[in-house]
Structures are given as C-alpha cells and as structure tokens.
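This report describes selected secondary-structure pairings, helix packing and residue environments. The sequence and the structure are shown first.

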Amino acid sequence: MTTFSAEARFELKGARAVIDDMCEHLRSHGVAIDRSGDRTVLTLYHGTSEIAVEGDNALLKVEAPSLTGIAVLTETLASHFIEHFPDLADRIVWSGAAGEPAHPVWFCLLTVVGTRRLTPHMQRITFEGSDLGRYSGFGDIHMRLMFPRDDDGAPQWPRVSPNGVTQYPPEDTLAIRKYTYRRIDVAAGTLDVDFVLHEDAGPGSDFAFRAKPGTVIGMGGPGGRCAPPDRDWYLLAGDETALPAIARILETLPRTARGVALIEVADAAEEQPIINRTGIDIRWLHRDDAAPGTTTLLIDAVRAVEFPSDGSSVFAWGGCEFAAFKAIRSYARNERMLKKDESLIVSYWQRADTEDAENEHDH
C-alpha cells in the first residue's frame with residue numbers, strides 16, 4: 001500500500017507544555033494518543049500523526065494512505081496549534097506530500113452540461129466534474145456547492161495556505177451551501193443535483209434559474225450522514241428540500257427495509273417518480289395553498305405513524321424547515337425516546353422569521 005507523508009518544523013517556546021495541553025484537548029475529542037518520552041503519536045481516522053519535541057522546537061509528521069488523508073491531517077494539526085498560538089500561522093510550513101499551496105484536495109470544479117425542469121418548482125442540473133468516485137458511497141450524500149457572486153469577474157475559490165489550513169474567499173464573492181447529489185455516474189464523470197426554485201431566490205435557487213451549459217461552479221465534499229442500511233424499519237420525513245435525499249435513501253436501502261416515507265410538497269404537480277424497491281410506503285403530503293414552512297402538516301403526519309412493536313430495529317431520518325425540524329426532533333427524542341444512533345433529524349432551511357437554523361442547507 002502506498003503511504004504519503006509530510007512534515008513541518010517550527011520554533012515553539014515551552015513546546016512540551018503546549019503539546020501536553022494539545023493532547024488533552026484532542027483526547028477529549030476521541031483521538032487515540034500514545035506518548036513516549038518526547039514523542040507523541042496520534043491515531044486519527046485518516047492516518048497517523050507524530051509530534052516530537054526538540055528543545056524549543058516542534059516537529060510534526062503525518063502519514064496517510066491518500067493525499068486526502070494528508071490534507072486532513074495537516075489541517076487538523078495546524079489549526080489546533082494556530083488556535084492556541086495565532087502567531088504560528090506564518091511559521092508552520094509543510095513539506096513533502098502536502099506540496100505547494102493549491103486548491104484543497106476535496107475541491108473540484110463542476111461544469112453545467114444540461115438542465116431540465118422536473119416539476120414546476122424543481123430544476124435538475126447535470127454537471128460534469130473530475131474525481132467523482134469519492135461521492136459514490138452511500139454513507140455521505142451531501143456536498144458543498146460554491147456559487148461565485150460576480151458573474152463577470154474571475155471566480156475566487158478556496159485555497160490551502162502553506163500551513164495546511166484552508167482559506168475561503170469572502171462571503172460576498174463566493175456563496176457556499178450544502179446540497180444532496182441526486183444521481184452520480186462515476187464512469188461518465190457526471191452528477192445531477194435537484195434545486196428547489198424559490199420566488200425569493202437564495203444563491204442556489206438563483207443559480208438554478210440562470211444556469212446554462214458551460215457555467216462553472218465549485219464543489220467540496222463529500223460529507224453528511226445518511227440513514228444506515230442495517231435497520232429493519234425506517235421513518236423518513238421531509239419537505240421538497242429533502243426530496244433528493246429521501247429519494248436516494250429509498251433507492252439505496254435493501255429490499256427488506258420496511259417503514260414509511262412522508263414527503264411534503266406544494267401539490268400533486270410537485271410529486272416525482274422514485275425507484276423504490278423497498279417495503280417502505282411513500283406518502284405524499286400536499287400543502288395546497290399554504291406557503292412552505294407555515295403548516296404543521298409534516299409533524300402531524302409523523303405523529304400519526306405507527307412504529308413497530310415487534311422488536312424491529314428502527315431509524316428516523318428527517319430534513320425540513322427549522323420549526324418542523326425542532327418539533328420532529330423533540331418528538332423523536334422525548335416522546336419516542338429514540339437513542340442517538342436511532343435518528344438523524346436536521347434543518348435544511350428556515351423561514352425569515354425563525355431562529356437561526358442548525359445544519360442548514362439551501363435548496
């Protein structure tokens with residue numbers, strides 16, 4: 001197996017005490033730490049890191065089976081040191097596989113190759129991109145799309161500083177929002193993303209209105225959690241912003257899966273065909289004349305679902321407007337008493353008159 005490595009050496013007064021504090025902080029986040037004399041080895045998901053103390057100097061070394069792993073490890077270590085000592089930002093310089101400053105390894109450019117209207121308020125855009133294989137797994141179904149705000153100027157994209165930490169352009173030049181990819185064809189190098197079209201368009205919806213072949217945006221990822229494929233029974237609940245995610249879950253879960261999928265949309269014209277080979281029953285909920293985010297339609301439907309009482313393992317997944325998210329999450333936790341590994345309820349968007357949303361998407 002190929003192994004990549006990188007290292008950085010810099011002066012750090014009181015290095016031993018600083019590293020002691022760092023280790024305690026990282027240990028609290030579940031990082032496995034092995035200390036022996038002046039050397040500390042950290043075992044993380046993407047690889048291993050070694051911190052060595054040499055007088056008033058610190059030597060950082062990282063090893064990983066991929067360049068992505070190297071990028072994650074260098075940024076993780078550097079960001080923690082810089083958090084404690086901001087003046088190290090210009091003194092930590094990585095050599096080896098970390099390479100020269102460039103775009104992050106998780107970043108790629110997407111070029112629009114096609115668009116089509118699925119329903120009156122849902123636009124599907126097909127993109128062409130490189131290195132899409134990392135998005136093909138079931139566990140991570142989200143990515144961050146990056147929309148340049150100035151169509152006339154040269155786009156500014158995220159770049160990696162010599163210290164390994166990603167630097168993002170100002171928000172007034174690049175809008176970043178989370179999305180779910182609807183379909184991916186790794187061999188063809190294409191993926192589809194479905195955009196909800198709003199009257200008061202955010203960056204994503206505005207882009208979807210104007211997108212045409214040749215338009216370029218950025219993408220980072222993958223990330224986000226999905227419904228695990230090993231449960232007996234599922235409750236899936238969301239509005240149209242979560243429809244791409246629910247559809248992907250239904251099309252990917254094993255045939256043996258049972259349960260209910262509740263999908264809130266404006267009316268029958270917004271329903272979409274979903275390839276559902278599971279035993280999960282799809283139920284469409286229509287708001288009719290009500291504006292999105294103004295009804296209790298989704299939480300009422302969730303409360304009406306009968307959970308299995310035969311000992312089946314369960315999982316509840318939800319994505320919706322912030323107020324509905326709070327109600328469904330509270331119901332799952334406090335009334336259904338679902339454990340942490342039995343539910344994932346997130347806010348995908350928020351009405352203007354609600355509190356700040358958590359885990360917000362922009363569809």
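The model is predicted, so local features are restricted to pLDDT of at least 70 and side-chain atom pairs to pLDDT 80 or more, whereas totals for chains, interfaces and linings use all residues. Residues are numbered from 1 along each chain as its sequence is written, and side-chain values use heavy atoms, with hydrogens and water left out.

**The open sheet and its helices**

Helices (H or I, at least four residues) and strands (E, at least two) are DSSP runs numbered from the N terminus, and two strands pair if DSSP finds at least two bridges between them. An open sheet of 6 strands, paired in the antiparallel sense, follows the order β2-β3-β4-β5-β1-β6. Its edges are β2 (32–36) and β6 (95–96); each has a single partner strand, so one side of each lacks a neighbour in the sheet. Within the sheet, β1 (residues 4–11) and β5 (residues 57–64) run antiparallel and are joined by 8 bridges. S5 stands opposite E63 in β5.

Helix α1 (residues 15–27) packs on this sheet and touches β2, β3 (39–44), β4 (47–54) and β5, where contact means heavy atoms within 4.5 Å. The direction of α1 makes about 150 degrees with that of β2; axes are lines fitted to C-alpha atoms, for helices over the stretch in contact, and angles run from 0 to 180 degrees between N-to-C directions. Helix α2 (residues 67–84) lies across β1, β3, β4 and β5, at about 155 degrees to β5.

Two packed helices are described by the angle between their axes and the distance between the axes. For α1 and α2 the angle is about 120 degrees and the axes are 11 Å apart. That makes α1 oblique to α2, given that angles under 35 degrees count as roughly parallel, over 145 as roughly antiparallel, 65 to 115 as roughly perpendicular and the rest as oblique. From α1, the contact is made by V18, I19, M22, H25 and L26, and from α2 by L77, H80, F81 and H84.

**Strand β12 and its partners**

Strand β12 pairs with β9 and with β13, as the table sets out.

| Strand pair | Sense | Bridges | Opposed residues |
|---|---|---|---|
| β9 (residues 142–148) and β12 (residues 174–185) | antiparallel | 7 bridges | F147 and A175 |
| β12 and β13 (residues 190–196) | antiparallel | 4 bridges | D185 and T190 |

β12 and β13 form a hairpin with 4 residues between them. In its turn, G189 has a positive phi of about 70 degrees.

**Buried positions**

Buried means under 20% relative accessible area, exposed over 50%, and partly exposed in between (1.4 Å probe, protein chains only). Helix α4 (residues 243–252) is mostly covered, with 8 of its 10 residues buried. Among them are L243, I246, R248 and L250.

L338 lies in the loop between α6 (322–335) and β19 (343–349). With a relative accessible area of 12%, L338 is buried. Apart from neighbours within four places in sequence, L338 contacts F307, V314, A316, A332, R333 and S343. L338 and L262 are 76 residues apart in sequence and 18 Å apart in space, C-alpha to C-alpha.

S343 is placed in strand β19 and counts as buried at 13% relative accessibility. Leaving out neighbours within four places in sequence, S343 contacts R225, F315, A316 and L338. A316 is thus listed among the contacts of L338 and among those of S343.
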